[in-house]
Amino acid sequence: MHELIVSPKLALDRALQETGLDRQQVFRVRCTLDGGLYDIRYCTDYLRYQLYLDAAEGTVLGLDTEPMSDAEVQDSQSTGVFWKIKYNIIAAKS
């Protein structure tokens, strides 16, 4: 089993770097660790992202994107601002 050397914050930073996004562009962020891999998921206004990142080396092992449905896009436009503000507050505390 790999020794954990990458923090969840650094894992998210690397995932965002891999997708060319910054923290202000994403919401509904979820970062979980299982078996030496981070499963990182987040949304933008039109896409859902899922990345797998090696927790020991910090390398992205897989990336998947999926367009959001029209209903999800409408929901993100109405609630996305809330999620972005919530995430920015959480990030500022880290």
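**Strand pairing and tyrosine environments**

In this predicted model, Tyr49 is buried, having a relative accessible area of 11%. Tyr49 takes part in the one aromatic pair that the structure holds. The ring centres of Tyr42 and Tyr49 lie 5.3 Å apart with their planes at 25°, and because planes under 30 degrees apart count as stacked, the pair is described as stacked. Tyr42 likewise counts as buried, at 1% relative accessibility.

The strands of the model are joined by antiparallel pairing. Strand 1 (residues 27–34) pairs with strand 2 in the antiparallel sense over six bridges, and one of the contacts between strands places Cys31 opposite its bridge partner Ile40 in strand 2. These two strands, strand 1 and strand 2, form a hairpin with two residues between them, and Gly35 in the turn has a positive phi of about 60°. Strand 2 and strand 3 also run antiparallel and are joined by seven bridges, with Arg48 in strand 3 as the bridge partner of Cys43; here the hairpin has three residues between the strands. Strand 2 (residues 37–43) is largely enclosed by the rest of the structure, since five of its seven residues are buried.

A further tyrosine, Tyr52, lies in strand 3 (residues 47–54) and is partly exposed, with a relative accessible area of 36%. Together with Leu37 and Leu61, Tyr52 makes a nonpolar surface patch of about 260 Å².

Key. Residues numbered from 1 in each chain as written. Predicted model: local features only at pLDDT ≥ 70, side-chain atom pairs only at ≥ 80, totals over all residues. Heavy atoms only, no water. Patch = residues over 30% accessible without salt bridge, like charges linked within 9 Å, V, L, I, M, F, W, Y side chains within 5 Å. Areas by Shrake-Rupley, 256 points an atom, 1.4 Å probe, with all protein chains shown as cover. Salt bridge = Lys/Arg side-chain N within 4 Å of Asp/Glu carboxyl O. Helix = DSSP H or I, 4+ residues; strand = E, 2+ residues; numbered from the N terminus. Buried < 20%, exposed > 50% of the residue type's maximum accessible area, 1.4 Å probe, protein only. Phe/Tyr/Trp six-rings, centres within 6.5 Å; stacked < 30°, edge-to-face > 60°. Pairing = 2+ DSSP bridges.
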